[in-house]
Amino acid sequence: MATLEIRDLHVTVEADNATKEILKGVDLTVKQGETHAIMGPNGSGKSTLAYSLAGHPKYTITGGTVLLDGEDVLEMSVDERARAGLFLAMQYPVEVPGVSVSNFLRTSATAIRGEAPKLRTWVKEVKEAMARLNMDPSFAERNVNEGFSGGEKKRHEILQLELLKPKVAILDETDSGLDVDALRIVSEGVNRVRETGEVGTLLITHYTRILRYIKPDFVHVFSGGRIVESGGAELADKLENEGYEAYTKGGVSA
Amino acid sequence: MAEAQNAPTLGSARAGGPPPAGSTTAGAIAVAAESTVATRMSAPPSFDVADFPVPHGREEEWRFTPLERLRGLHDGTAVATGGGLKVAVDAPEGVVVETVDRDDARLGRAGTPVDRIAAQAYSAFEKAGVITVPKETVLTEPIRVAVHGEGGTAFAHQVIELGAFAEAVVVIDHTGDAVLAANVDYVLGDGAKLTVVSVQDWDDKAVHVAQHNALVGRDATFKSVVVTFGGDLVRLHPRVAYAGTGGEAELFGLYFTDAGQHQEHRLLVDHNVPHCKSNVVYKGALQGEDAHAVWIGDVLIEAKAEGTDTYEMNRNLVLTDGARVDSVPNLEIETGEIVGAGHASATGRFDDEQLFYLMARGIPADEARRLVVRGFFAELVQQIGVDDIEERLIARIETELETVSGSGR
Ligand SMILES: Nc1ncnc2c1ncn2[C@@H]1O[C@H](COP(=O)(O)OP(=O)(O)OP(=O)(O)O)[C@@H](O)[C@H]1O
Ligand SMILES: [Mg+2]
């Protein structure tokens, strides 16, 4: 069973000629089939956690370990991590001029699966996945994320999630910027992947809204660069009613 | 990449992200009573080099060009060396290949030199090449002109003429090392179809300045594909004018500008006749310190040219820091009775965030870079229509990319 183990993770960034510690000892274990929601106020370090796990060069790991099925993730390059089974749906997906969605998806699937998918079945697979996400077929011919609306970018991220079938999926604010219809479509996509039971999901969000569609097994409150409280789905209800004040204003994280 | 289409005002049109340092991508559509395309040149067109002042570098047509690297082509100090440039023509049966004297009546009919180096070339060449495809001759194999530099300085003139309803593909391939100033005339008879692929695959030190003049006959179709990879300084000036209604011109260009290279493409399409079409698409990738690409796209729709349909686009992909792009589309419209007119210019960067995004999907770094560049050029490569050139181009793009990933990014 695939397991992602994060132990005492410390991360810094360079900003304005100063080194700033953002993650201050994160501990978390995500097992295949589980869904963990990470909730926290703006600037608490949620995206930093997501990027650090994926290997973004801007973030420096200063301490701790990250293991995927016992393998040292921090030793791997960005592409190796993805091929090992980590997937990051980005809060702000990047535009890539000159590369069509269809070319991108196929190159990516080839890299992740270790061989080029058979063209006939692949075309069908992509078409069906796009249809399920209410994406017009014309998106396949457009350049990656170029001119996509916020909601289209998020759907495109979930399309990749469905096609690449990772062991652990980190979804960074996939819900932000979506209207109710898009939120439902995107959530259904995530749920399809979850229902296979083969993915561990780390759902990063600022709002409880998405948790009505995607039921987490665990909820963690993230504040000041670490997890300050963990619980079951009921913790989300508490956050819904009380907000993050208890954790930010002289609370646990101060 | 953001782009301006039919932007009614003068303004800047550039990529959404931060543009590469020192880049300009300005576009303009001017509705003018009189063209400024001609009036902003330092002298009117002429075959005589003496009619042009020696440029000092601040003139509109020279301001992007590093004059000190022209090896004297611009100021009269460049002297032809005998035998420094070999030209070999390989033509299918039915094609007439000639070498003619300066006074041959067929020279200089497609256009007149518009700057000092073109006039210098016209004033200094000794013999000219004339390739004729007789009327109604339809070639199934390309005519190949191999221009190989052996370190010399040369002034050249080449005419390629197609009679009425003739069809031909011509590949002009520049390799080796040379300092070359040239004029190339393309004369298309009524209903003729000509595709010219001009490949600039020079060695690192070469300097190549040329004016291409196409005169497109009634209902004729002209397609030019300019592919520039090599050279220290390449400055090409493809120009199109029409000799009758119903003419169509497609101008495609592809360049890959490396560290220290200056590659300049200045185009002019003169819609001087009603009911003609033009379509211009130039794309370039740049990498390395002081790689400099210049693209000037002038399209002029004269008052009498009603029914004109034109579009021009330039896109640049900047792969590393230190490269510079100047992209200036300029559309001048003297009549409102047109079918369509538009332009677009965009300069985008391939940056670390894009690299990260592709790698986060399992794609290794060098493959990610190849994916982006290949994808960027793909639609243009497909336009070439000459298999061995397409293959060579793709292979050449791959080697260019190896130099960048090898440079330790
Ligand atoms: N590359 C960076 N350079 C400088 N500072 C950074 C960088 N990335 C993150 N930070 C800082 O680290 C802190 C945490 O940022 P992060 O984006 O991880 O927060 P977040 O919890 O995802 O917030 P949000 O809810 O707004 O998405 C912020 O103070 C942010 O400004
Ligand atoms: Mg965030």
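Q: What percentage of the area that chain B exposes do carbon and sulfur atoms supply?
A: This is a predicted model, in which local features need pLDDT of at least 70, side-chain atom pairs count only at pLDDT 80 or more, and totals for chains, interfaces and linings use all residues. Residues are numbered from 1 along each chain, chains are lettered from A and ligands numbered from 1 in written order, and side-chain values use heavy atoms, without hydrogens and water. Chain B exposes about 15,000 Å² (Shrake-Rupley method, 1.4 Å probe). Of this area, carbon and sulfur atoms supply 50%.

Q: What share of the 409 residues in chain B is buried?
A: Buried means under 20% relative accessible area, with a 1.4 Å probe and protein chains only. In chain B, the buried share is 61%.

Q: Which helix of chain B gives the largest share of the largest nonpolar core?
A: A nonpolar core joins buried Ala, Val, Leu, Ile, Met, Phe, Trp, Tyr and Cys residues through side-chain atoms within 4.5 Å. The largest one has 115 residues. Nine of them come from one helix (a DSSP run of H or I, at least four residues) of chain B, namely helix 4 (residues 365-384).

Q: Which residue has a polar side-chain atom 2.9 Å from an oxygen atom of ligand 1?
A: A polar contact is a pair of N or O atoms within 3.5 Å. Ser44(A) places a backbone N or O atom 3.2 Å from an oxygen atom of ligand 1. The polar side-chain atom at 2.9 Å from a ligand oxygen belongs to Asn42(A).

How values were computed
Buried means under 20% relative accessible area, exposed over 50%, partly exposed in between (1.4 Å probe, protein chains only). Helices (H or I, at least four residues) and strands (E, at least two) are DSSP runs, numbered from the N terminus. A polar contact is a pair of N or O atoms within 3.5 Å; within protein, one must be able to donate a hydrogen and the other to accept it, and residues adjacent in sequence count only if both atoms are side-chain atoms.
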